[in-house]
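Hi,

Here is the structure I promised to pass on to you. Have a look at it first, and then read my notes below.

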Amino acid sequence: MTRFTQLLGIALISAAVSAEPQPRTLPENENERQPGTLRLSGIHEHDQVLLDGELIGDGRRLAQFGSKLLVNPGDYTVTIVSSAGDQSCEMRVAVRENRTAVASCGVAQGQEQFVD
């Protein structure tokens, strides 16, 4: 057996082993985690929506995205301010990886609601 044949055999075995499916591992850091979905319910088209105090849009704009947002897993404060600015609804929402959490003024505060 020539040296070339030996190297070719080793290369073929290496290629076959690396082509086998590898077991899926859990993410090692925060950047590799899968997002969760935050669904907003009970907002009107002129209501302002804030996520942790930052404006993310009004009801009309969010409706274009099905009133759903992809966010990193974590705990968030969702605030919905009426178009007149005189009423607001605030609730804490826990978003989990690959799950959908619902923020709605109709859900009692402190109660987590997941739809999947």
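**Two loops, a sheet and a strand pair**

N98 sits in the loop that links β6 (88–95) and β7 (100–104). This is a predicted model, so please read everything here in that light. The phi of N98 is positive, near 60 degrees, and the residue is not a glycine. In general, most residues other than glycine have a negative phi. Is N98 buried or exposed? N98 counts as exposed, because its relative accessibility is 51% and the cut-off for exposed is over 50%.

D52 is another non-glycine residue with a positive phi, at about 50 degrees. Its place is the loop between β2 (48–51) and β3 (54–58). With a relative accessibility of 44%, D52 counts as partly exposed.

The strands on either side of D52, β2 and β3, run antiparallel and are joined by four bridges. Within this pair, L50 has L55 of β3 as its bridge partner. Both strands belong to an open sheet of four strands, in the order β3-β2-β5-β6, with antiparallel pairing. At the edges are β3 and β6, each of which pairs on one side only. On average, neighbouring strands of this sheet are turned by 25 degrees against each other, direction ignored.

There is also an antiparallel pairing between β1 (residues 36–41) and β4, over four bridges. Here R39 stands opposite K68 of β4. Which residues of β4 are on its covered face? They are L69 and V71, while K68 and L70 are on the uncovered face of this strand, which spans residues 68–71. In a regular strand, side chains alternate between the two faces of the sheet.

Best wishes

Key:
Residues numbered from 1 in each chain as written. Predicted model: local features only at pLDDT ≥ 70, side-chain atom pairs only at ≥ 80, totals over all residues. Heavy atoms only, no water. Buried < 20%, exposed > 50% of the residue type's maximum accessible area, 1.4 Å probe, protein only. Pairing = 2+ DSSP bridges. Axes fitted to C-alpha atoms, helices over the stretch in contact; angles between N-to-C directions.
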